[in-house]
Amino acid sequence: MNPSTPAAIVDEYLRLLMIPDPAAASQFIAPGLRIRFTGGRAMQAPTECAAFNATRYQWVKKKVEATETVAGGTPEHTVVYSLGTLYGVWPDGTPFEGNRYVDRYVVQQGLITQMDVWNDSAEWLLVRAGLATL
């Protein structure tokens, strides 16, 4: 598939990551990709995100509910948001779903140059540990 819009690039990138096929997904990222993952963790490659997720979940996937392109984008700089929920299995084997996420992408000349990731997993883990309530 050859996506032609920044939103389609983000959607295809996420589709490939959820397979998971990080090698195929890498065709949509620019050299020097900057990632800020949950908790402000700096990363440089989708494989680092996958390695972090492997410590937090048995497995996790995204259910994309919306892909939104910020008005005024140009081929040189367009911001795209992906919103939805996470579902998967915690390390102890307990399934979960409905965990909100928001990802913000910067797409420049058809490649993702920046990715910011937020979700409710830390809150859910605090509740599971008895340290917070929802």
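User: Let's start with a turn. Which strands form a hairpin here, and how many residues sit between them?

Analyst: That's β5 and β6, a hairpin with two residues between the strands. One residue in the turn, Gln109, has a positive phi of about 50 degrees. Keep in mind that this is a predicted model.

User: What should I make of a positive phi?

Analyst: General idea: most residues other than glycine have a negative phi. Now the case: Gln109 isn't a glycine, yet its phi is positive, near 50 degrees. You'll find Gln109 in the loop between β5 and β6.

User: Is Gln109 buried or exposed?

Analyst: Gln109 counts as exposed because its relative accessible area is 56%, and the cut-off for exposed is over 50%.

User: And how do I read the pairing around that hairpin? Which way do β5 and β6 run?

Analyst: They run antiparallel, with eight bridges joining β5 (residues 95-108) to β6. One pair to look up is Gln108 and its bridge partner in β6, Leu111.

User: What other strand pairs with β6, and in which sense?

Analyst: Strand β1 (residues 29-37) pairs with β6 (residues 111-119) in the parallel sense, over four bridges. Look for Arg36, which stands opposite Asp116 in β6.

User: Now strand β4. How do side chains point along a strand?

Analyst: The general idea is that in a regular strand the side chains alternate between the two faces of the sheet. Let's look at two threonines in β4. Thr78 is found in this strand, which covers residues 78-89, and Thr85 is found in β4 as well.

User: Are Thr78 and Thr85 buried or exposed?

Analyst: Use the cut-off of under 20% relative accessible area for buried. Thr78 has 4%, so it is buried. Thr85 has 13%, so it is buried too.

User: What surrounds each of them?

Analyst: Skip the neighbours within four places in sequence. Thr78 is then in contact with Pro6, Thr69, Gly73, Tyr105, Val106 and Val107. For Thr85, the contacts include Lys61, Lys62, Lys63 and Glu65, along with Gly98 and Tyr101.

User: Which backbone oxygen lies 2.7 Å from a polar atom of the Thr78 side chain?

Analyst: The one belonging to Thr74.

User: How far apart are Thr78 and Ala7, in sequence and in space?

Analyst: They're 71 residues apart in sequence, but 9.2 Å apart in space, going C-alpha to C-alpha. For the protein as a whole, take the contacts with a separation of 6 or more: residues 24 or more positions apart account for 52% of them.

User: What about odd peptide bonds?

Analyst: General idea first: most peptide bonds are trans. Here, a cis peptide bond joins Ile19 and Pro20, with omega at about 0 degrees. Pro20 lies in the loop between α1 (6-18) and α2 (22-25).

User: Let's zoom out. How many helices and strands does the protein have?

Analyst: Four helices and six strands. Along the sequence, they follow the pattern α-α-β-β-α-β-β-β-β-α. The radius of gyration is 15 Å, close to the 14 Å that the globule rule gives for 134 residues, so the protein is as compact as a globular protein of that length.

User: What does the C-alpha trace span, and how much of the protein is buried?

Analyst: Along its principal axes, the C-alpha trace spans about 45 × 30 × 25 Å. Of the 134 residues, 39% count as buried. The accessible surface comes to about 7400 Å², and 56% of that belongs to carbon and sulfur atoms.

Key. Residues numbered from 1 in each chain as written. Predicted model: local features only at pLDDT ≥ 70, side-chain atom pairs only at ≥ 80, totals over all residues. Heavy atoms only, no water. Buried < 20%, exposed > 50% of the residue type's maximum accessible area, 1.4 Å probe, protein only. Polar contact = N/O pair within 3.5 Å; in protein donor to acceptor, adjacent residues only side chain to side chain. Contact = heavy atoms within 4.5 Å. Pairing = 2+ DSSP bridges. Rg over C-alpha atoms; globule rule 2.2 N^0.38 Å. Areas by Shrake-Rupley, 256 points an atom, 1.4 Å probe, with all protein chains shown as cover.
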